[in-house]
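Hi everyone, thanks for making the time. Let me put the structure up, and then I'll talk you through a few parts of it.

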Amino acid sequence: MAASGDAPPARPRHGLALVLYTLLSLALTWPLARRFASHVPGDGIDDPALAWNLWWIKTRLVDQVTLDIFHVGWMFHPIGINLAFYTLTPLNGLLSVPLQTALRLVIANNLVLLSSFILGGYGAYLLCLEVWPAQGNPRAHRAAALCAGAIYAFASSKLFYAALGQFNIASSQWIPFCALYLWRLGQGRGLRPALRNGLLAGLFLSFQAWAELTYASFLLIFTALFALWRFLSLAQSGLSRAGWSGAAGKRAVAWLAGLAALGISFAIGIAPFLAAMLPDLRQEGDFFASGGGFADLFSADLMGLWLPTRLHPLLGEWAASLPFPNDKGQHLYLGYSALGAALVGGAVGWAAAGRLRRTTMFWLLALLLFGWLSLGPWARWAGEELPLPGPFALVSRLPFFSGNRYPSRYSVLVMLCLAVLAAYGLAWLGRRLRRRGLPAALPALLVGLLFLAEHLSIPLPLSDFRIPPIYQRLAAEPGDFALLELPTGWRNGARVLGRSDVLIMMQQWYQTAHGKRRLGGNTSRNPELKFQYFSETPLLGDLIALMNADREHLAAALEAEYPALVARAQAEAARLFDFLDVRYVILHVEHAPPLLVRYVEEALPLALVEEWRGADWTGAPVTIR
């Protein structure tokens, strides 16, 4: 609902907002712009898989002309894997298809990532214009909304996810658009607008689910909170006295119809996901929560609210030594500039009357709720648990919500609520200064600059995604066959079977060059049998052990067992390779224990076809056979 009936929202300056957020996205992800065609942000762990997603969507839909994007036999060959339980980011992949057609895949990936900053800021800008009245000074209103968009889009918590290469978690751009149409739905302007806004809110909720499913669950909590607040507002405005026949009753009917439209729109949008998930869930049970139990390691720490992150160019080294986990995006820093503006907005709005006060109360309540959720099962200060339980433990017991093991990811809603409150505080300050003959945009400009300085995260870590040319030979080989990469691994969000090495993630990226089936693979959640198959398959179980032959507790045993391992390989390898349709074995020499290299050369029925020497993604010397 509108915050006040005194003035309509200011007309948005779409071009100005988009240009501003585009320039900021290029500057605040530096040096990405300098290496746009060869590098992506990340540390080499998640970014190869998330970039692979874009290739897979185009390959499946365009090259293979198959609509089923979830069931894939190109990883975990020959049993395949269900990518409905993986961070597939299908919407990002779909949007990248024309970019991949015209440009290189790395460029397409970087453009999609930058668009998440631009659209996220733009959506928050539109939301703030909608929530707060202009109150006679559109310039102050627009400047405040522009600053709020930057607060949401370029918070260090989001930049941290980009730095980790977690492009799915960085894909929070649809959240403010869903909130915008949900807010419009609450304005009560009649049945038809309510239905339209409900459908659009459900559409953007679906978009967010197809970009990052976890954030859709957060939006469901936000929607439930907003629905409760809206009904309380309707009751207060006369529904309880006049009943359903009065004006308040008609607004309530329109609101309910809009909520129904939202639910139907989202149900249709999420149906393909659920259809792909339910057969596995019925057969294997709810394995969403597998690998849980360490939410405390990925919760926001109360100390971190007041201190910049380890990515800050001046304070980062000191921040990395802080006494709480802060290496995987757990660090939720609010920033004194944004917090100060939000406190002004909250105080001024609370002192107002009517709709303006109710609006302020809602955003304050949402800020406190999502801030509390981000703290995890128990609040912590400097890594020490406090006697203050949080609602995260309760929420994580709900179906599908149990899949989120990272409470700190609620930071995305924390920053949205903070940005909305800051927008009102900045607009109020701007109006006050204008009366004194000063520029109305001055508070927004100063706070915006201070906020960006506080949250600065450059230089952003980059991964070199240039692929060794030896893979082009495999790409040129005709036919549909499988590769056995050594060492390799099978990874989900909780464990690794095989070699625990960043190499296994880069192998997924290398598939975008050769396009052949892989025995190894990466997912987020999977039934245990998907790992069990490979560990119990003859010869593959031996290879998994040899991939770790440099571990102290295995080395002596494998040396003693080596003659028996060779005998089994000589008896079984040819038959197994034929069964799996393995035509080539790729050996990464520097990443393989010496005993594994010896085993490949002595025990397996292989002939050396090609050897390549160069540098890997870190610049270290590498030999690939």
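Let's start with the lining of the largest pocket: by class, its residues are 28 nonpolar, 13 polar and seven charged. Please keep in mind that this is a predicted model. How much space lies in the largest pocket? About 1000 Å³. The lining has 48 residues, and if you'd like to find the centre on your screen, look for Thr87, Thr214, Arg409, Ser524 and Arg525, which are the closest to it. Several helices take part here: α2 (47-63), α7 (167-170), α9 (191-211), α10 (213-242) and α11 (247-284) each give at least two residues to this lining.

Now on to the second largest pocket. Its space comes to about 480 Å³, and 21 residues line it. Nearest its centre you'll find Val585, Ala607, Leu608, Val609 and Arg625. Which elements give two or more residues to this lining? They are α18 (470-476), β12 and α23 (594-603). Of the lining, β12 supplies the largest share, with six residues. As for classes, we have 16 nonpolar and five charged residues here, and no polar ones.

That strand, β12, brings us to the sheets. It belongs to an open sheet of three strands, ordered β10-β7-β12, in which the pairing is parallel. β10 (517-518) and β12 (582-587) are at the edges with a single partner strand each, so each has one side without a neighbour in the sheet. If you zoom in on β7 (residues 482-486), you'll see that two bridges join it to β10, the two strands running parallel. One pair to click on is Leu483 with its bridge partner in β10, Arg518.

There is another open sheet of three strands, and its order is β9-β8-β11. What kind of pairing does this one have? It is mixed. The edges are taken by β9 (496-498) and β11 (521-522), each of which pairs on one side only. Helix α19 (residues 503-514) packs on this sheet and touches β8, β9 and β11. The direction of α19 makes about 90 degrees with that of β8. Between β8 (residues 489-491) and β11 there are two bridges, and these strands run parallel. Here, the residue to look for is Arg491, whose bridge partner in β11 is Asn522.

That's my tour of the pockets and the sheets. Thanks for listening, and I'm happy to go back to any of these views.

How values were computed:
Residues are numbered from 1 along each chain as its sequence is written. This is a predicted model: local features need pLDDT of at least 70, side-chain atom pairs count only at pLDDT 80 or more; totals for chains, interfaces and linings use all residues. Side-chain values use heavy atoms; hydrogens and water are left out. Two strands pair if DSSP finds at least two bridges between them. Helices (H or I, at least four residues) and strands (E, at least two) are DSSP runs, numbered from the N terminus. Contact means heavy atoms within 4.5 Å. Axes are lines fitted to C-alpha atoms, for helices over the stretch in contact, and angles run from 0 to 180 degrees between N-to-C directions. On a 1 Å grid over the protein atoms alone, a cavity is a set of points where a 1.4 Å probe fits but cannot get out, and a pocket is an open set with protein on both sides within 12 Å along at least five of seven lines; lining residues have an atom within 4 Å of a point. Grid points are joined across faces, edges and corners, and a volume is the space filled by probe spheres set on the points. Ala, Val, Leu, Ile, Met, Phe, Trp, Tyr, Cys and Pro count as nonpolar, Asp, Glu, Lys and Arg as charged, and the others, Gly among them, as polar.
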